[in-house]
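Please take a moment to look over the sequence and the model shown here before reading on. The paragraphs that follow start from one small feature and then move outward to its surroundings.

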Amino acid sequence: MDKNTLFSSFGKYISPINIMKFQQRIDETDQDKYVKKLTTKVYLLLFLHAQLQQREGLRAIADDVLSKKFQRELGLSSISPAQLSRKTIE
């Protein structure tokens with residue numbers, strides 16, 4: 001499977017995730033209480049995409065967010081490797 005086919009079918013890969021139930025659990029635990037940009041939902045989608053694309057590191061994952069199409073999918077305009085690292089450590 002080449003990159004473009006995989007990216008265009010990203011929505012199909014994440015469709016089994018019950019986002020409403022997932023968001024409800026996040027709200028119940030106040031997990032995103034002080035988060036401005038990299039919410040748990042965005043973090044999950046970003047790392048699922050990275051896994052599917054077989055990204056090697058945080059810099060490669062952050063570079064993926066430079067794609068306008070992917071930005072719309074995530075609702076995120078940019079992210080740095082340092083931000084990903086901090087979220088991963090939490």
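Rings of Phe, Tyr and Trp, taking the six-membered ring of Trp, are said to pair if their centres lie within 6.5 Å, and planes under 30 degrees apart count as stacked, over 60 as edge-to-face and the rest as tilted. In this model, which is predicted, the structure holds one aromatic pair. Its members are Tyr43 and Phe47, whose ring centres are 4.7 Å apart and whose planes stand at 45 degrees, so the pair is tilted. Both Tyr43 and Phe47 belong to helix H4, where they sit four residues apart, about one turn of the helix. A general rule helps here: an α-helix has 3.6 residues a turn, so residues three or four places apart point the same way. Phe47 has a relative accessible area of 24% and is therefore partly exposed, since buried means under 20% and exposed over 50%.

The helix that carries this pair deserves a closer look. H4 covers residues 40-53, which makes 14 residues, and from its first C-alpha to its last it reaches 20 Å, close to the 20 Å expected at 1.5 Å a residue. Within H4, the buried residues are Thr40, Val42, Leu45, Leu46, His49, Ala50 and Gln53. How accessible is His49? Its relative accessibility is 4%, and because this falls under the 20% cut-off, His49 counts as buried. Although His49 and Phe70 are 21 residues apart in sequence, their C-alpha atoms are 9.7 Å apart in space.

Helix H4 also meets another helix, and two packed helices are described by the angle between their axes and the distance between the axes. The axes of H3 and H4 come within 10 Å and cross at roughly 130 degrees, which makes H3 oblique to H4. On the side of H3, the residues in this contact are Ile19, Phe22, Gln23 and Ile26, and on the side of H4 they are Thr40, Lys41 and Leu44. Taken by character, the residues of the contact divide into four nonpolar, two polar and one charged. Thr40 thus appears twice in this account, as a buried residue of H4 and as one of the residues that meet H3.

The loops on either side of H4 hold a further detail of the backbone. Asp30 lies in the loop between helix H3, residues 19-29, and H4, and it has a positive phi of about 55 degrees although it is not a glycine. With a relative accessibility of 48%, Asp30 counts as partly exposed. Just after H4 comes Gln54, which likewise takes a positive phi of about 55 degrees and is not a glycine. Gln54 is placed in the loop between H4 and helix H5, residues 58-64. Is Gln54 buried or exposed? At 65% relative accessibility, Gln54 counts as exposed, because exposed means over 50%.

It remains to set these parts within the whole chain. The chain has seven helices and zero strands, so that, read from the N terminus on, its elements run α-α-α-α-α-α-α. Of the 90 residues of the chain, 29% count as buried, and the buried residues of H4, His49 among them, belong to that share. Finally, if one takes the contacts in the chain between residues at least 6 apart in sequence, 53% of these contacts join residues at least 24 apart.

Key. Residues numbered from 1 in each chain as written. Predicted model: local features only at pLDDT ≥ 70, side-chain atom pairs only at ≥ 80, totals over all residues. Heavy atoms only, no water. Helix = DSSP H or I, 4+ residues; strand = E, 2+ residues; numbered from the N terminus. Expected span 1.5 Å × (residues − 1). Buried < 20%, exposed > 50% of the residue type's maximum accessible area, 1.4 Å probe, protein only. Axes fitted to C-alpha atoms, helices over the stretch in contact; angles between N-to-C directions. Parallel < 35°, antiparallel > 145°, perpendicular 65-115°, else oblique. Contact = heavy atoms within 4.5 Å. Nonpolar A, V, L, I, M, F, W, Y, C, P; charged D, E, K, R; others polar.
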